[in-house]
Amino acid sequence: METRVRFAPSPTGALHIGGGHTALFNWLWARRTGGKFVLRIEDTDRERSTQEYEETIMSGMRWLGLDWDEGPDLGGPYGPYRQSSRLDLYWENAEKLAAEGHAYKDGNAVIFKVLPNVELSFDDVVYGRIETKSDGLRDRESGDLKDIVLLKGDGMPTYNYAVVVDDHFMKITHVIRGEDHISNTPKQLLIYKALGWEPPLFAHLPMILGKDKKKLSKRHGATSVYEFRDMGYMPDSVFNFLANLGWSAGEDKEIFDREEAAELFELSRVTRKPAVFDPDKLNFINQEHLKRLDPTTRLGLIKPFWKEAGLPVEEYDDAYLAEALTLMGGRGQTAKELAAFSDYYVSFEPVKERWKPEGVSPVGVTEELRPKLKDFFSVLLAEPHWAAEALETRARAWVEEKGVKMKDYAMTLRYALTGMKVSPGIFEVATLLGRDEVKRRLEFYDLV
RNA sequence: GGUCCCAUCGUCCAGGGGCCUAGGACACAGCCCUUUCAAGGCUGCGACGCGGGUUCGAAUCCCGCUGGGACCGCCA
């Protein structure tokens, strides 16, 4: 039988990390088994659901590379895929439950009667056997057995009811969702039972917690996938990072792409312990993916951040800019960081803003030192073969002759060209910047 | 309060009776490389929550405790 899984967000906010994690594992399982991944919108909360959020969630999923096979935009054989368009189905089956005595009406609402001592144990694909009875479904204060609202006063179904009806009619084979739903499962099982339907397999996923071990929320800073995009994280990295939460590819493999993950994924390897979101690890994974990018892709990623910083990106050709980024090597953990670290290739302005004569490590540009620096830079600028190796050879010869330290002069050059105390090899930087630009920058600081 | 779930380095994972003096990764520290910072290489720091069993042997199985978490909405 074909595997059918679904991700069923309610459009009451952007796609957050926890939702992305759930969607990702569903996607992985669908791709691994060659099955179908269904997107269903649970918009039964009329107050909070909006069309905008629905679109935001969908584009968040697309950004992560989680494509679905059936959904409100694509349609499919078991639609419609928006709960607000499936009301007849909910009404019909609620009516049936009421007619058979499983439910009763309370005004417009239809409420499922919970009987004591009903066996509701089930075998969770990741948690194993979960033993419970209907007796556990008690009210917080009164402690009485609590009936389950099926249809609300406004005619909309509740989550626990709609999810059963939809999963059944959409022929979902595996319900893969967060562990916070384990305790909802018995209620749903009760409804399956009353309706005489075969329940799907359940596979619950460990929660993602913040540093304080509490369920990840806004308090923990960035939680929507878009915030990560805006901070300069790549979708491949966020995907990779999320996939490693509650699952491992095995064999110490932790950097991978979607295809590899889809090939290796196994529900049986999903862990049960809640996972703490570690931004350091995300940074590392992002850096790894950043390093693996080809120059063109990398440039496409960095450009927006340069532009955002107000740099005249259009004045340069792509080959030059790509070369600059190649020179940057493994520096920077996010696109934003890499863009900030490499602004001096695109403009002299940020260099000027950072420059302080005394800021040059370790000695600063003192008037006493200036003549020597001028001599050094003049010699460099006079180098006929404008290439990193030739410049370095020339510089080494000069410092050796003068009996001074390369570091003092290289650092001043670095600072004048980049406005930073750290950069790739400064002769490489100078080479790429070109003789004219190097001269311009040095002249500006009266260093040549 | 009730029900359920979970428990290996600070964090993410591996290990599921002997291969474990517990492995990898992030982070952290140090060294090498070096004109600086990354990258890379090497080294170090660092965990089976506690107590009982079962067993020749337990991180691994069982029980209890403790500690976390989730749910108990006409929210999803």
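Which residues have the most contacts inside the largest nonpolar core? They are M61, L150 and Y161, in a core of 86 residues. The model is predicted. Chain A is assigned three domains, and 66 residues surround RNA strand B.

**Domains**
- Domain 1 covers 86–205, domain 2 covers 230–343 and domain 3 covers 352–444.
- The centres of domain 1 and domain 3 lie 73 Å apart, taken over C-alpha atoms.

**Nonpolar cores**
- The largest nonpolar core holds 86 residues.
- Helix α1 (residues 17–33) supplies the largest share of this core, with 8 residues.
- Domain 1 (86–205) and domain 2 (230–343) each give this core at least three residues.
- Another core, of 56 residues, lies apart from it. M234, L369, A410 and L442 are among its residues.
- Not counting residues up to four places away in sequence, Y161 touches L89, Y90, N93, A94, L97, L150, L151 and I191.

**Surface near RNA strand B**
- The closest residues to the strand are K146, K214, G246, E254 and R396.
- By class, this surface has 30 charged, 18 polar and 18 nonpolar residues.
- Sugar or phosphate accounts for 70% of the strand's atoms within 4 Å of the protein, and bases for the rest.

**Polar contacts to RNA strand B**
- An N or O atom in the side chain of E42 is 3.0 Å from a sugar or linking oxygen of the strand.
- For the side chain of D45, the distance from such an atom to a sugar or linking oxygen is 2.9 Å.
- The side chain of R414 has an N or O atom 3.0 Å from a base oxygen.
- Elements giving two or more residues to the surface near the strand are α4 (159–169), β11 (275–276), α9 (279–292), α16 (406–418) and α17 (426–433).

Conventions: Residues numbered from 1 in each chain as written. Chains lettered and ligands numbered in written order. Predicted model: local features only at pLDDT ≥ 70, side-chain atom pairs only at ≥ 80, totals over all residues. Heavy atoms only, no water. Core = buried A, V, L, I, M, F, W, Y, C linked by side-chain atoms within 4.5 Å. Buried < 20%, exposed > 50% of the residue type's maximum accessible area, 1.4 Å probe, protein only. Helix = DSSP H or I, 4+ residues; strand = E, 2+ residues; numbered from the N terminus. Domains from an automatic or database assignment. Contact = heavy atoms within 4.5 Å. Near = heavy atom within 4 Å. Polar contact = N/O pair within 3.5 Å; in protein donor to acceptor, adjacent residues only side chain to side chain. Nonpolar A, V, L, I, M, F, W, Y, C, P; charged D, E, K, R; others polar.
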